[in-house]
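Reader: Please present the structure and then explain how its ligand is held.

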Amino acid sequence: MCPNIERPVNVAPESISEFISQCSTHTVRRGKDMAGFYIEEPDEDSVIYEVYELESSGHIKLAVTIMKQGKAGNEYFMTKGHYHEDERAGEVYFGLKGKGLLLLQTKEGQTDEMELTSGAAASIPPGWAHRSVNIGEEDFVFLAVYPATAGHDYGAIEKHGFLKRVVEMDGKPRVV
Ligand code: PAN
Ligand code: ZN
């Protein structure tokens with residue numbers, strides 16, 4: 001159980017283990033947890049990404065995602081991706097390590113994408129589904145900050161997927 005009084009926490013590339021050790025819930029997504037997400041299924045036991053969510057009684061949640069470097073077929077490792085259940089809940093990602101690509105889309109079919117590297121931030125406006133892709137040469141690590149009431153809706157993405165995929169072509173990431 002978490003203590004009643006929460007401690008302030010610093011989140012920096014060199015202090016990720018400190019964040020992780022502070023009363024967080026830990027989710028591991030392996031290949032077998034992502035059946036149907038990739039065109040070519042990843043190895044069942046390979047860890048694709050891990051999420052550490054800091055428990056809090058407040059209005060704001062913090063989560064660190066550690067994405068492994070790798071591919072399933074020619075698709076770079078990616079998160080499941082989700083909409084927020086609360087359509088008014090936006091989110092901000094802060095890059096801590098490595099290099100990622102953030103895929104975004106709306107229910108109306110608008111799409112966008114942006115790179116996220118260490119020291120940069122990306123805003124996810126309300127109503128945009130978001131998926132992260134590790135396009136770098138190492139782990140891609142980022143901090144997510146979002147309203148505690150946001151909720152995660154995976155259903156639509158599980159059913160229809162994302163409109164765009166990130167694949168390796170000629171040794172480079174391409175959004176197709
Ligand atoms: C992030 C994501 C995390 C894992 O904390 O939840 O990166 O991605 P999936 O939830 O899509 O598996 C976030 O966007 N929270 O709202
Ligand atoms: Zn989110």
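**The ligand site**

Author: In this predicted model, 17 residues surround ligand 1, each having a heavy atom within 4 Å of the ligand; the closest are Y49, T65, G81, Y93 and Y154. Residues are numbered from 1 along each chain as written, and chains are lettered from A and ligands numbered from 1 in written order. Local features need pLDDT of at least 70 and side-chain atom pairs pLDDT 80 or more, while totals for chains, interfaces and linings use all residues, and side-chain values use heavy atoms, without hydrogens and water.

Reader: How far does a polar side-chain atom of Y49 lie from an oxygen atom of ligand 1?

Author: Polar contacts here are pairs of N or O atoms within 3.5 Å. H130 places a polar side-chain atom 3.2 Å from a ligand oxygen, and H82 places one at 2.9 Å. For Y49, the distance to an oxygen of ligand 1 is 2.5 Å.

Reader: What share of the area that ligand 1 exposes alone does the protein bury?

Author: Accessible areas come from the Shrake-Rupley method with a 1.4 Å probe. Taken alone, ligand 1 exposes 390 Å². Of that area, the protein buries 97%.

Reader: Which strand gives the most residues to the shell around ligand 1?

Author: Strands are DSSP runs (E, at least two residues), numbered from the N terminus. At least two shell residues come from each of β2 (47-54), β3 (60-67), β7 (91-97) and β12 (140-147). With 3 residues, the strand that gives the most is β12.

How values were computed:
Polar contact = N/O pair within 3.5 Å; in protein donor to acceptor, adjacent residues only side chain to side chain. Helix = DSSP H or I, 4+ residues; strand = E, 2+ residues; numbered from the N terminus.
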